[in-house]
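Welcome! Open your viewer, turn on the cartoon display, and let us walk through this model one selection at a time.

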Amino acid sequence: MKTHPAIHALMLVALLGFVGGCATPESRISRNQEYFNQLTPAQQDLIRHGKIQVGFAAEMVRLALGEPDRYTTRTDANGTSEVWHYITYALPSGEPLYRGWWHHYYAWRDPGYPWYLDYDRRVEMERLSVVYRDGVVQSIEYERPR
């Protein structure tokens, strides 16, 4: 039985979407190699390890962490800032519900993984927020474990 070429194309698009959604710093770097090469060796090392620091430009943060889960705007006495929020989930007890490419092993063993995406009692936790002013990181806030 022959498979229609459009089916193959749709399967390829779905696969690319899945792989693209599981981006790592290395995959983001490879898509932006020219920009990455312009950074200092210290900045490159931080980005490779998925870390950021005050003074980074927004594109540097995207390379290290990917796109944020949510954006907000903060206005205070110093002016207006943009805040990028990176979210994770936990049980009501505070036990974390992990997500991300680093847990891909479980997806192969359990096609329903990650189950917590539909878990109605999950609690949203902000694991990291990055505050920008004039396109430069001004502060970084990490969620502290209990």
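Please keep in mind that this is a predicted model. Start by selecting Ser-81, which sits in strand S2 (residues 79-90). Is Ser-81 buried or exposed? With a relative accessibility of 4%, Ser-81 counts as buried, since buried means under 20%.

Now show what surrounds this serine. Beyond its neighbours within four places in sequence, Ser-81 is in contact with Thr-72, Thr-73, Arg-74, Val-131, Tyr-132 and Arg-133. Zoom in on Arg-133: its side chain and that of Ser-81 make a polar contact at 2.7 Å.

Stay with Arg-133 and add Asp-76 to your selection. Their side chains form a salt bridge, 3.5 Å from N to O. This pair ties together distant parts of the chain, as Asp-76 belongs to strand S1 (residues 70-76) and Arg-133 to strand S4 (residues 123-133), 57 residues apart. Asp-76 is partly exposed, with a relative accessible area of 36%.

Next, how many salt bridges does the structure hold? There are 3. To find more of them, select Arg-62 and Glu-59, whose closest N and O atoms are 3.8 Å apart in a salt bridge. Both residues lie in helix H5, and because they are 3 residues apart, about one helical turn separates them. Arg-62 has a relative accessible area of 26%, while the value for Glu-59 is 29%; Arg-62 is partly exposed, and Glu-59 is partly exposed too.

Add Glu-67 as well. Its side chain meets that of Arg-62 in a salt bridge of 2.7 Å, N to O. Glu-67 is partly exposed, at 48% relative accessibility. Shared partners join Glu-59, Arg-62 and Glu-67 into one network of salt bridges.

For the next stop, select helix H4 (residues 41-48) and colour Gln-43, Gln-44 and Ile-47, the buried residues of this helix. Look down the axis of H4: these residues fall within an arc of 100°, so they line one face of the helix. On the other side of H4 you will find Pro-41 and Ala-42, which are exposed. What do the buried residues of H4 pack against? Their partners are helix H2 (25-31), helix H3 (33-37) and helix H5 (58-65). Just after H4, click on Gly-50, which takes a positive phi of about 70°.

Finally, zoom out to the whole chain. You can count 6 helices and 5 strands, and buried residues make up 27% of its 146 residues.

Definitions and conventions
Residues numbered from 1 in each chain as written. Predicted model: local features only at pLDDT ≥ 70, side-chain atom pairs only at ≥ 80, totals over all residues. Heavy atoms only, no water. Helix = DSSP H or I, 4+ residues; strand = E, 2+ residues; numbered from the N terminus. Buried < 20%, exposed > 50% of the residue type's maximum accessible area, 1.4 Å probe, protein only. Arc of directions from axis to C-beta. Contact = heavy atoms within 4.5 Å. Polar contact = N/O pair within 3.5 Å; in protein donor to acceptor, adjacent residues only side chain to side chain. Salt bridge = Lys/Arg side-chain N within 4 Å of Asp/Glu carboxyl O.
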